[in-house]
Amino acid sequence: LVVVLSGSFGWAADLSPKRQIAVTGEASIQVPPSLALITLGVTDESDQAVDAMRTVSKSMVAVIDRLHRAGIDPEDMQTQQISVSPNRARAGSLSSSNDRKISSFSASNTLQVRVRDLDELGEILDQVLQAGANEFRGLQFGVSDPAEVQNQIRGTAVKDAIRKAEQLANAAGVTLGPVMSITDHGGGGGRPMAMEMARSSAMPVEAGKLSFSHNVSVVFAISPSEEVK
C-alpha cells in the first residue's frame with residue numbers, strides 16, 4: 001500500500017504546472033542597400049517565329065554587351081526566361097469563337113542583372129534601353145550579405161526578451177530564474193524605408209533604406225525561492 005501511494009504521489013507531482021515566464025524578443029535595423037536586382041527583357045513580334053526570335057536574340061546580345069562595357073560581371077547576369085508564343089486572330093463569323101488562326105508570333109528574352117554600384121544604376125538603366133531592351137519587369141534593392149545583417153540584430157532581440165522578462169517578473173513580484181530555452185525564429189528584410197535619391201544624371205532612382213527584423217522566443221524559470229510553500 002505504501003508503494004502504491006508513493007507512486008501515485010510522484011505521478012501527481014509531475015502534473016504540477018511549471019513556473020515559467022515566456023516572452024518574445026524583437027529587434028530591427030534600417031540599412032542602406034548595397035546592390036540592386038533589375039529584371040529587363042527584349043520582346044518582338046513577327047509573322048514567323050524564327051524571325052521574332054532572331055530579332056530578340058540580336059537585341060539581347062547588344063544589351064549584354066552594353067552591360068559588360070558598363071562593368072557588370074558575367075556572374076551577375078542570369079537569363080530568366082526565353083519564350084516564343086503564337087498570336088491568334090479570330091477567323092470567320094463572330095459566332096465561331098473556337099475558329100482561330102495564327103496571325104503572328106511573339107518572342108521574348110528576360111535577363112536579371114545584379115548591380116553592385118548603385119551610383120551607376122540610373123546610367124546602366126539608360127544604357128540598356130538604348131541598346132534595345134524594351135521591357136522592364138522590376139527593380140529590387142538588397143544587401144550583399146543578409147545573414148550578416150541578421151547577425152547584427154540577433155543578440156539585440158535576445159536582450160529585448162530579457163528586458164521584457166525582467167519587467168514581467170518585477171510586476172509579478174517574483175525573481176527571474178535561468179533561461180530554460182531559446183527559439184530563434186529568424187527574421188525578414190528588404191522592405192523599403194525612407195527614401196533618398198541615388199546620384200544619376202541619366203535616370204533618377206531612389207535607393208532608400210531597407211528594414212530588417214529578427215525574433216526570438218525565450219523561456220525563463222521563476223526562481224525556486226519564490227515558489228509557494
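This passage describes the fold, the core, the strand pairing and the salt bridges of one protein chain in a predicted model.

The protein chain contains four helices and nine strands, and these elements follow one another from the N terminus in the order α-β-β-α-β-β-α-β-α-β-β-β-β. Of the 229 residues in the protein chain, 31% are buried, and the accessible surface amounts to about 14,000 Å², with carbon and sulfur atoms contributing 52% of it. Among contacts with a separation of 6 or more, 78% are made by residues that stand 24 or more positions apart.

The confidence of the prediction is not uniform along the protein chain. The mean pLDDT is 84, and 79% of the residues reach 70 or more; by element, the highest mean, 95, belongs to α2, while the lowest, 34, belongs to strand β7, at residues 197-198. Two stretches in which pLDDT stays under 50 can be set side by side: residues 1-9, for which the model has zero contacts beyond four places in sequence, and residues 191-201, for which the model has 26 such contacts.

The largest nonpolar core is made up of 44 residues, and those with the most contacts inside it are Leu 40, Val 63, Leu 67, Val 113, Leu 121 and Phe 141. At least two residues of this core come from each of β1 (20-31), β2 (35-46), α2 (49-69), β4 (100-115), α3, α4 (146-172) and β9 (210-222). Phe 141 illustrates how such a residue is surrounded, since beyond its neighbours up to four places away in sequence Phe 141 touches Pro 33, Leu 35, Ala 36, Leu 118, Leu 121, Val 205, Glu 206, Ala 207 and Leu 210.

Strand β2 pairs with two other strands, and both pairings are antiparallel. Seven bridges join β2 to strand β5, which spans residues 135-142, and within this pairing Ile 38 stands opposite Leu 139. The pairing of β2 with β4 comprises 11 bridges, and here the bridge partner of Gly 41 is Thr 110 in β4.

Helix α3 has a buried set consisting of Leu 121, Gly 122, Ile 124, Leu 125, Gln 127, Val 128 and Ala 131, and these residues pack against β2, α2, β4, β5 and β8 (205-206). One of them, Gln 127, lies within the helix, which covers residues 121-131, and counts as buried because its relative accessibility of 19% falls under the 20% limit. Apart from neighbours within four places in sequence, Gln 127 is in contact with Arg 66 and Ala 70. Just after the helix, Gly 132 takes a positive phi of about 135°. A further buried residue, Ser 223, is found in the segment after β9; its relative accessible area is 15%, and beyond four places in sequence Ser 223 is in contact with Thr 175, Leu 176 and Gly 177.

Side chains of opposite charge can pair when their charged atoms come close, and a search of the whole structure finds eight salt bridges. In one of these, the side chains of Asp 65 and Arg 69 meet with an N to O distance of 3.3 Å. The two residues are four residues apart in helix α2, so about one helical turn separates them. An α-helix has 3.6 residues a turn, so residues three or four places apart point the same way. Within this pair, Asp 65 is partly exposed at 39% relative accessibility, whereas Arg 69 is exposed at 61%.

A second salt bridge links Arg 137 with Glu 135, the closest N and O atoms being 3.2 Å apart. Arg 137 is partly exposed, with a relative accessible area of 44%, and Glu 135 is likewise partly exposed, at 24% relative accessibility. In another salt bridge, formed by Arg 154 and Asp 184, the closest N and O atoms are 2.9 Å apart. Because Arg 154 lies in helix α4 and Asp 184 in strand β6 (residues 176-192), this pair ties together parts that are 30 residues apart in sequence. Arg 154 is partly exposed at 29% relative accessibility, and Asp 184 is partly exposed at 40%. Finally, Asp 76, Arg 114 and Arg 116 are joined into one network by salt bridges that share partners.

Definitions and conventions
Residues are numbered from 1 along each chain as its sequence is written. This is a predicted model: local features need pLDDT of at least 70, side-chain atom pairs count only at pLDDT 80 or more; totals for chains, interfaces and linings use all residues. Side-chain values use heavy atoms; hydrogens and water are left out. Buried means under 20% relative accessible area, exposed over 50%, partly exposed in between (1.4 Å probe, protein chains only). Contact means heavy atoms within 4.5 Å. Accessible areas come from the Shrake-Rupley method with a 1.4 Å probe; for residues, only the protein chains shown count as cover. A nonpolar core is a set of buried Ala, Val, Leu, Ile, Met, Phe, Trp, Tyr and Cys residues joined through side-chain atoms within 4.5 Å. Two strands pair if DSSP finds at least two bridges between them. pLDDT is the predictor's confidence in each residue, from 0 to 100. A salt bridge is a side-chain nitrogen of Lys or Arg within 4 Å of a carboxyl oxygen of Asp or Glu.
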